[in-house]
Structures are given as C-alpha cells and as structure tokens.
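Me: I should like to go through this structure step by step. Could you explain the terms as they come up?

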Amino acid sequence: MPASKLKVVVTRKLPAPVELRMKELFDARLNESDIPLTPEQLAEAMQTADVLVPTVTDRIDGRLMARAGQQLRLIAQFGAGVDNIDVASAVQRGITVTNTPGVLTDDTADVAMALILAVPRRLHEGVQIMEGGKFDGWTPTWMMGRRLSGKRLGIIGMGRIGQAVARRAKAFGLQIHYHNRKPVGPRIEESLEATYWDSLDQMLSRVDILSVNCPHTPATFHLINARRLALMKPEAFIINTARGEVIDEAALARAIRGGKLAGAGLDVFEREPSVNPDLLGLPNVLLLPHMGSATIEGRTEMGEKVIINIKTFADGHRPPDRVIPAIL
C-alpha cells in the first residue's frame, strides 16, 4: 500500500512539525486533545489502523493485541522503551514493532546528571528555603551536603544512556562503577576508567550514588528491592531516570524515612502518574515529572524516527528500529 494511503493512528499529541509531516505523508488520525486513549479506544484504533503510533502511556498487552484487525501490521512506538507493549504477542500475530532509540541519550543523561548534582548538594531544599522566605543568612554549619568529587557512582545498565551518564560524572570527578549483563568493550571501559561488577549486590554495598539506567523487563522488575536497599550505605543516594518499576518504591520510601538511605532523585515512578505518597514531602527526595527526554529537539527527533520507520515499512523494507523480542 502507498504510504499516502496508510491509515496511521497516533495516540497522543506530538510536536507540531511531526504531526504536520505525518499528515503530509499518511492518512494520519491525530489526538488533538492529548487525552490518553482508554483500552476500548485503543482496541478500536487497532481494529481500523494500518499503523498504530503509541507512547509509553499506552499499555498494549496480549488481550488488546488479540483484538487487533488483520490490517494492523506495524506498531511504531514513540519512545525508546517498549515495556508497555507485548512484543512477543505482536510478532506472533505478524505485527512489526519499532521504537525510537538513540535520540534521547544526551537529554536523559543530562537530567540524570542534574539529579546526581542536586540531591547530594541539597539544591531542592535550598530552593524551598528561598521560596519560603526562610533564609536568614549564611552560617558555617548550615545546609551542608556531600561532595561529589572522589565518590563512587554505581550505574545499573551501561547502554547508551548509562555511558553518557558515566562520561558526565567522570568530568565531575566521580569514580565510575557499573553492573551490566556483560562488560562493555575494553576501549569504553578504559576511557571511562570504569570498574565492572558482575555481582550487583557487591557493587551496591560500595557505591555512594546509584544511577538506574536499565530498561524495565520481567528480569529487572523490582531489581532494587528491600534486600538490596539494605546493602547500601546509609549515606548513599539513588537516582532513577529509567523506569519506575525497577525500584520497589514502597521499600525505597521506608529506607529513606528510616534513615537507611540519604536521599533519592526520581524522574520515573512505579505507577505513573501516581507517586507513592510516602515519597512526597521528604526534603531529601527530589521528584521530577518524567521529563528526562523532554526537550524540543529530542521529542522532534523521536517523531522523525517514527516517520522513517513507517515510511521504510510502507516501502517494503525492514524498518531501521525494529524491536526483536530475543534482545529485550
């Protein structure tokens, strides 16, 4: 089918240049209201669309996939992660799944580094003090945080984003430690002066700051649980810009409230948009509204990748960002 005839259903509002280009190239049905589709609305879209363009807020499980029409042949995710999609079910039904990797690396790493800087140095508390009119002048022992230089940063997941975080952190004098399914190449490891830990438990007990940069998969669900949190130093901090499900939020809140951890910086949450109420109001916890990739440039480039994947698929070729279940 010619690309111009493809019925493409987009589930959320995308950057204006991306939507304009989609309307030029395809028979695009856009979501002008930006209100998330209900499961029933998603099912209706999948029964009529040739291509579905969902986002991480759309949960497309096996039951929903079973309701897809025979004409649906491509799910072109607007996002790098695909944990919201039952990829195995899609492939079983002959539906190709694509994503938008690579373009979010620097934006997400910037936010991770911002949290690494902000939480140990208590910047969130400082802003609250100033906004509350509680600054009475400098004193030698007030608002003391933790120095970054010389501290150990542990990174879980040394993919593109993990490596980008490591490069930034190294420039601030942090020692790089990491846990991954396998070590990165020797050149990368040498350039980052990074230490690989096959044992996550052993790494956790030694680091001062932990940055979570791995995807959410069945294997990483609650990877950081109560047992592993107990291995960490009481003066350690946790940063998460990956997926909320990787950390047991209830256990994290208990550890922080009980003085077993020094604090946390979170951009993602286990049950978004809900946030565990025990994490709210804590002065040593900085919460952001899932804005790691929220740059004009990044979101536009994501849309451009979606369009390339659709156009390539329509032309009868393998999309460049096809998701393969075996590597998830």
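Reply: To begin with a definition, a residue is called buried under 20% relative accessible area, exposed over 50%, and partly exposed in between (1.4 Å probe, protein chains only). At 34% relative accessibility, I324 therefore counts as partly exposed.

Me: What kind of model is this, and how are residues numbered?

Reply: This is a predicted model, in which local features need pLDDT of at least 70, side-chain atom pairs count only at pLDDT 80 or more, and totals for chains, interfaces and linings use all residues. Residues are numbered from 1 along each chain as its sequence is written, and side-chain values use heavy atoms, with hydrogens and water left out.

Me: Back to I324, where does it lie?

Reply: I324 lies in the segment after α12 (296–314). Helices (H or I, at least four residues) and strands (E, at least two) are DSSP runs, numbered from the N terminus. The C-alpha atoms of I324 and V87 are separated by 8.0 Å, and these two residues are 237 residues apart along the chain.

Me: Next, the interior. Which residues touch the most other members of the largest nonpolar core?

Reply: They are I224, I238, L252 and L261, in a core of 30 residues. The elements that each give two or more residues to this core are α9 (200–204), β9 (209–212), α11 (249–257) and β11 (263–266). The largest share, 5 residues, comes from α11.

Me: What is a nonpolar core, exactly?

Reply: A nonpolar core is a set of buried Ala, Val, Leu, Ile, Met, Phe, Trp, Tyr and Cys residues joined through side-chain atoms within 4.5 Å. In soluble globular proteins, nonpolar side chains tend to be buried together.

Me: And what does L261 touch?

Reply: Not counting residues up to four places away in sequence, L261 touches L229, M232, K233, P234, A236, I238, L252, A255, I256 and N284. Contact here means heavy atoms within 4.5 Å. There is also a second, separate core of 26 residues, which includes A109, V111, A194 and I239.

Me: Changing topic: how many aromatic pairs are there?

Reply: A search of the whole structure finds 2 aromatic pairs. The rings of F135 and W142 have centres 6.1 Å apart and planes at 10°, so this pair is stacked. Rings of Phe, Tyr and Trp (its six-membered ring) pair if their centres lie within 6.5 Å; planes under 30 degrees apart count as stacked, over 60 as edge-to-face and the rest as tilted.

Me: Are F135 and W142 buried or exposed?

Reply: F135 counts as partly exposed because its relative accessibility is 43%. W142 is also partly exposed, at 37%, and its place is in the loop between α6 (123–131) and β6 (152–156).

Me: Which residues form the other pair?

Reply: Y178 and Y196 form a tilted pair, 5.2 Å centre to centre with 50° between the planes. Y178 lies in strand β7 (residues 175–179) and Y196 in strand β8 (residues 195–196), so the pair ties together parts that are 18 residues apart in sequence. Y178 is buried, with a relative accessible area of 0%, whereas Y196 is partly exposed at 22%.

Me: Finally, what about the backbone at P273 and E193?

Reply: The peptide bond from E272 to P273 is cis, with omega near 5°. P273 is found in the loop between β11 and β12 (285–287). E193 is not a glycine, yet its phi is positive, near 50°. E193 is found in the loop between α8 (186–192) and β8, and E193 is exposed, with a relative accessible area of 59%.
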